[in-house]
Every structure is written in C-alpha cells, then in structure tokens.
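User: I'd like to learn how to read a model like this one, feature by feature. Could you walk me through it?

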Amino acid sequence: GPGTPPGKEPSRAEGLSEHHWTLLGTGGTWFCFDVMFYANGVFSALVIEDVFGRSHSPFFIVVHNLYLSMFPILGFVAAAVYVGWTSRSLKTLQLVGFLSMSVLYLILAHYYSTLRSEPWVFVGLYASTFLFANAGPNSTTFIIPTSVFPPHVAATCHGLSAAAGKLGAMLGSSAMAPLLVYGGAPVVFMGCAVVGVLGALLTAVFIPNEAPVAPAGGPSLAVLPIDMNLDPERAQ
C-alpha cells in the first residue's frame, strides 16, 4: 500500500483497505449472480408448472427441467471455448452474461401473458437465461477474484467474495417462492432483470481489466491478466 515501507509486505488490513473497491466488484457481482441463479435454479419446476398449468404429471415437469438442464451445459462449453481459444477478457464475458440475462428476464416479465400461450417459446427464452448464466457469471465470478488481488490478500478476498455469493444464494432461494405466490412470475423476472443490471454495473465499474501484480516466477493463473487466452507465451 502507499503507506507501507519499502521491502515490507503490507498487512492484510492494508491490502483490504487498498483493494476495497475491487472487493466490492468481485463480491457484489457474485452476490447478484447467485440471487438470480438460485432463485431460478431451485424453483424452475414451479415456473414451468405455472406456464404449462398444474394439470400435467410430475413426469412432464421433470422432462422439461431436464430440457432446461441442457442449456447450462452448452453455456459451460461456450465459456470454455471463449477462454481457451480467444484473447478476449473475462470481464467482458461476465458483462455480456449479466446484460443478456437481464434482457431475457425483461422480455419474460413484459410478455409473460403472451408467452404463456406459446409455452415452447417461453421455455426457449427461459432456458437461454441459464445458457448465458453459465457462459458468463457462473464461469467468471469465482475465477476473476483469483486474478485481481495481490497474493497477500488474494485468499481472503476470494473467500469474502464467495461469502457474498452465498448470501445472494440464500436471498434468491428464500425469496423466490413468496414472490411467485404473491407477485407472480413477472415480478420475479423483473426483479432478476434489475439485479442483472446491477451486476453488469458492478462489473463495468469495479472489476479491473487485468491483475494489479506481475508474475514473479513465470506465468501463473493466479496472476494472469483477465484479458487472457491462457496461453503461457502470451502471458510472459
């Protein structure tokens, strides 16, 4: 930190103070994502039931949940290809993921009544939110904290960011059922859209584009730039 004597490693408290805005970015985005992800992931069966009606058998609901589960797998594949084969930034991947989810949730909220008469269109849009979740924040919120903090506070900041995510998961999973009962799915989707925009803003403002420290003994994932393609020669 600025007040640390030369040659002396800054304390954890100094490191946290120096990087508190970045911590707000990593913890805040993890919190926002888990609010949306757990709200919809845990209660997706209730959403499908609400759209298709309650007259269908449990097997019908299970089949459609399996259909929804295919899209997250495609999202992870897309994220792996993006990180492995391009030189674009993880920050950009996270930003696009949040914004895409917000747009989809906004469409689902605004056109919910219309989409209930076209359930397969609804399922396609709803499933796409899971695709962009896994192709975006679900693949980046736990990686970015390993890259943007110096070694003496990296573990602490990653742990605090993860704890913020767990708080978001608790909020999302506990709020979803009451909101569905008293407000309906459109209210839930509109809330998710707002949270997604907040996640995008936190990403854009508080997530740095690259790690603040340089590799000491060769390339390491913990200190590679966020705008990376995981190519060791490029990192040197």
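User: Let's start small: what joins the side chains of Asn138 and Asn134?

Analyst: A polar contact here is a pair of N or O atoms within 3.5 Å; within protein, one must be able to donate a hydrogen and the other to accept it, and residues adjacent in sequence count only if both atoms are side-chain atoms. The Asn138 and Asn134 side chains make one, at 2.8 Å. Before we go on, this is a predicted model, in which local features need pLDDT of at least 70 and side-chain atom pairs count only at pLDDT 80 or more, while totals for chains, interfaces and linings use all residues. Residues are numbered from 1 along each chain as its sequence is written, and side-chain values use heavy atoms, with hydrogens and water left out.

User: Is Asn138 buried or exposed?

Analyst: The scale is relative accessible area: buried means under 20%, exposed over 50%, and partly exposed in between (1.4 Å probe, protein chains only). Asn138 has 17%, so it counts as buried. It sits in helix α8, residues 137–140. As for contacts, meaning heavy atoms within 4.5 Å, Asn138 has Phe33, Phe37, Phe76 and Ala133 as partners once its neighbours within four places in sequence are set aside.

User: Stepping back, how many helices and strands does the protein chain have?

Analyst: Helices (H or I, at least four residues) and strands (E, at least two) are DSSP runs, numbered from the N terminus. This chain has eleven helices and zero strands. For the whole chain of 236 residues, 44% are buried. Of the contacts with a separation of 6 or more, 78% are between residues 24 or more positions apart.

User: Which residues touch the most other members of the largest nonpolar core?

Analyst: As a general idea, nonpolar side chains tend to be buried together in soluble globular proteins. A nonpolar core is a set of buried Ala, Val, Leu, Ile, Met, Phe, Trp, Tyr and Cys residues joined through side-chain atoms within 4.5 Å. In this case the largest one has 35 residues, and Met36, Tyr105, Leu108, Phe122, Tyr126, Met176 and Phe189 touch the most other members. Several helices supply at least two residues each, including α2 (20–42), α4 (58–85), α7 (119–134) and α9 (151–182). The largest share, eight residues, comes from α10. Apart from this core lies another, of 13 residues, with Leu23, Ala79, Val148 and Ile207 among them.

User: Which residues does Phe189 touch?

Analyst: Not counting residues up to four places away in sequence, Phe189 touches Asn40, Val47, Tyr105, Leu108, Ala109, Tyr112, Phe122 and Tyr126. Compare Thr129 in helix α7, which touches Met101, Leu104, Tyr105 and Leu108 on that basis. Thr129 is buried, with a relative accessible area of 1%.

User: How far apart are the C-alpha atoms of Ala127 and Tyr67?

Analyst: This is a way to spot chain segments brought together: take the separation along the chain, then the distance in space. Ala127 and Tyr67 are 60 residues apart along the chain, with 8.1 Å between their C-alpha atoms. Ala127 belongs to helix α7 and counts as buried, because its relative accessibility is 0%. Leu68 and Phe71 are its contacts beyond four places in sequence.

User: Where is Asp34 found, and is it buried or exposed?

Analyst: Asp34 is in helix α2, and at 4% relative accessibility it is buried. Leaving aside neighbours within four places, Asp34 contacts Ala39, Gly165, Lys166, Gly168 and Ala169. Asp34 and Thr141 are 107 residues apart in sequence, yet 9.8 Å apart in space, C-alpha to C-alpha.

User: Now the outside: which residues make the nonpolar surface patch?

Analyst: Patches are made of residues with over 30% relative accessible area and no salt bridge; like charges are joined within 9 Å, nonpolar side chains (Val, Leu, Ile, Met, Phe, Trp, Tyr) within 5 Å. A salt bridge is a side-chain nitrogen of Lys or Arg within 4 Å of a carboxyl oxygen of Asp or Glu. Areas come from the Shrake-Rupley method with a 1.4 Å probe; for residues, only the protein chains shown count as cover. Here Ile73, Val77, Val81 and Trp85 make a patch of about 460 Å². Val77, in helix α4, is partly exposed at 47%. Val81, also placed in helix α4, is partly exposed at 35%.
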